[in-house]
Structure formats: structure tokens, C-alpha cells
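Me: I have a model open and would like a close look at one part of it, with its surroundings filled in afterwards. Could you walk me through it?

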Amino acid sequence: METAHTWESLRRATLRRQFPDIRGTDRAALLSLVEQVGPIQSQAARAPFLTASSRVPGVGNEIVSSAYESFELVRSTSLRGTVHTSLRHQHTWLDALSRHTLANLWRRALKLSTGEVSRLRARLDELTVDEWRTHADLHTEAVRWLTTQGLADSVTAAQAEAGSALFRGHSALLRRPLTGGWHQQGLAGYRASSVVLGDAPVDADEALVHLVRTHLSSFGPVTRRDVAWWTGDGLRRVDLAVRRLGDEVVSRPGPGGLDFLDLAEPPAGASGEPGVRLLPEYDGLLLGYAPRGRTRFADQRVIDFAWNRANGVHSPIVLAAGKLRGTWRLVPAGRISRLRVTMLPGERALSEGAFDEQAAAVSSALALEVDGVEVTSPAG
């Protein structure tokens, strides 16, 4: 009889996948990393840069930025209506699935029918064929289109913040900075991915199968609820996708009497613990799982410390000895910055020297000078 998973065995399995052995620090190494760790949540523009520096120290700002400029990496709003960075072929799946999972939100927020949502999205695609457009451009054209259709209630809804935000959240639109660098929160431009990438649309069911396989490979073993949360789709559809994968997927019992899904032939991954790492905001070690599954790397006390419930912002976090131990931030001091680490309540303070390699990696990834580390004593 196969041994049941424990939280410890799950933790080790995921760390091997999220911190793979990758040779080099060039663009090929970066693309291999994203292939293995999965699409990166990126509403913090620097998150993909820090994902790279935390997994493959030495991948610098120029490498990640050039991958964006060549559209080998692309940024768009997709899973659960949040910004993600992915490989270009992954974007096709993200777009197809997100059109399906977010359609009800568009209908509800903008007071539209299913057909009207499709036509409005098509108009946004048309608007962005020839050039990169700002959110203001998208909003203006969307309101104009709704007005010409005689949809007065929808025009009113489009003026509200929730309605207006949807236009830049159209998953078929890629985004790029019009001001500042790719790692900065500058003014964003939007353009149809069909023009930039030449991608052909795929069916939402097919896309879900691809993304279930991706999630299992990058974050597994996982529960069906983890998969549903991450994809933003329903449990019934996730179950159908798992069945379509057939013998590619196996199930094994684990903590809480739950069954954990995994690929029958999971990626080899790395061996051993990754050591001290400075992870970005919204890192996959937390947000690759449904809320109840995040105790793989941190107990609820830690999660609450790192997450601002009022605005949904997750702090950059410190991984040490395979668990989340603290938060960190960069404190500007003139033309340089200092790395300030705050240990979580009850955690022993790590030495400043433990962060030297990662501080240098962050410096390279964000193209700034980091001089010095401060570690505050744990509270409580």
C-alpha cells in the first residue's frame, strides 16, 4: 500500500519543483525557469524579476527585460483576474480559460449579455491592433461603444471603478510599460495578443487541460481545490480535465483525509533545501494553493503576518530552512537601498550574512545598488 503524503513530504516535493536545478544565468535559463515554476503572478511588476533572482541568482535585469521585449515572456491579466507573466505559448491557454472563467464577472459588473460581452471584447481587440493603447483609451472606446449600442445601464456601470478596471483586464490584451522599465509600476500600454504573438485561439476546455497539467507539474502534489482556486475554474470542470488527462495523473491520500493529485511522471526537480531566499510579493509558495492549502510552507500566523487583508497585498517573504520565516523590503537611502528583513513572531533572527548572496541577486535583478542588510529581532 502506498504511503500517504504528509505536510513535510508535500513541502519537499514542491520545493524541488519551485527551485529547480538550472544551469547558467542567460535568457535560456530564465525561460526554462518559467517553464518549470509556472506562470508568475505579476501585479507587482518586479515579481518576475525577483522570482528569477530567488530561483536562479545572477539572472539580471537586462535578461528578464530583454525576454519581455522579445515577447518570449508576456504579461497579461488572466487567472482570477490578476496579472500574470508567462511564456508566450502559455498565454494562449491563460487567455482562453480566463475568457471563460471571467465572463460572468463581465456580465454582472457591466450589465451585459453573453453576446454583448463577446462583442465588447472584440471591439477592444480591434482598438489595439495597430498600436499600444492606455487604459484611458480602452475606457473611452468602451464607453463610446456601449453608448452606440444603447446600453445606458452599462455605460453607467462602466464609469464605476469595478467596471472600468475590466477593460484593462481583458485577457487577450498583452501589457507593456509605456514609461519606466519592465520591473517598475509605470504607465501600461495594451495590445491584442493575436497581433503581437500571432496566436490562434484555443478552446477553454483544452486550455484547462493544459493548465491543470502545468499546475500539477509546478506546484504538485495538490488537491482538486488547489487546482480550482489557481485556475479560477469550478471543481466540476477541473474534475473533467483531470479525467481527460487519464493515466498522466495519479492520486494519493494526504493530510486532512484529502486526496492529492500529481503527474504520474513528475519533473525530476532539484535535491535538498534551497537555503535562504528572498521571494517576491505573491510568490507561488503561497498563491499556488487554495487558502487552506498554504500551510505547506507557513502556518496561519505567518500568512496573516505577510498578508494585508484590507487591500489583499502580500508582502515579499523570506524562505529559510524550507519554510516562510519573515518579510523583507528595500529601504531607499539616497541612490542606494538597504535590505531590511523582519522576522516573523517566534522566529529566530537570521544573521545578516545569511542574506548576502540574495541581496546581490536582488541588486542585479532590479538594477539598483543594495548596500547593507538589517535584520530586526523577532517580535513576541
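Which helix gives the most to the lining of the second largest pocket, and with how many residues?

Reply: Happy to help; please keep in mind that this is a predicted model. Helix 13 gives the most to that lining, with three residues. The helix spans 224–231, and strand 7 (259–263) also gives two or more residues to the lining of the second largest pocket. The pocket itself has a volume of about 280 Å³. If you would like to select its lining, pick Trp-7, Thr-223, Arg-224, Arg-225, Asp-226, Leu-258, Asp-259, Phe-260, Ala-290, Arg-292 and Gly-293. Sorted by class, five of these residues are charged, four are nonpolar and two are polar.

Trp-7, one of the lining residues, leads us on to helix 1, which covers residues 7–18. The axis of helix 1 comes within 7 Å of the axis of helix 12 (residues 204–219), and the two cross at roughly 105°. Because of that angle, helix 1 counts as roughly perpendicular to helix 12. On the helix 1 side, the contact is made by Thr-14, Arg-17 and Gln-18, while helix 12 brings Leu-216, Ser-217, Ser-218 and Phe-219. By class, this contact has four polar, two nonpolar and one charged residues.

For a comparison with the pocket you asked about, turn to the largest pocket, with a volume of about 380 Å³. Of the 15 residues that line it, Thr-77, Gly-81, Ala-165, Arg-168 and Gly-169 are the closest to its centre. Helix 10 gives the most to this lining, with four residues. Helix 10 (161–168) and helix 6 (103–110) each supply at least two lining residues. Here the classes are six nonpolar, five polar and four charged.

Finally, there is a sheet to look at. It is open, has five strands in the order 8-11-12-13-14, and shows mixed pairing. Strand 8 (277–279) and strand 14 (369–376) are its edges; each has a single partner strand, so one side of each is left without a neighbour in the sheet. Neighbouring strands are turned by 30° against each other on average, direction ignored. Strand 8 pairs with strand 11 (residues 317–320) in the antiparallel sense, over three bridges, and Leu-279 has Ile-317 of strand 11 as its bridge partner. Helix 3 (residues 47–55) packs on this sheet, where it touches strand 8 and strand 12 (323–333). The direction of helix 3 makes about 165° with that of strand 8.

How values were computed. Residues numbered from 1 in each chain as written. Predicted model: local features only at pLDDT ≥ 70, side-chain atom pairs only at ≥ 80, totals over all residues. Heavy atoms only, no water. 1 Å grid on protein atoms, 1.4 Å probe; cavity = no way out; pocket = protein on both sides within 12 Å on 5 of 7 lines; lining within 4 Å. Points joined across faces, edges and corners; volume = space filled by probe spheres on them. Nonpolar A, V, L, I, M, F, W, Y, C, P; charged D, E, K, R; others polar. Axes fitted to C-alpha atoms, helices over the stretch in contact; angles between N-to-C directions. Parallel < 35°, antiparallel > 145°, perpendicular 65-115°, else oblique. Contact = heavy atoms within 4.5 Å. Pairing = 2+ DSSP bridges.
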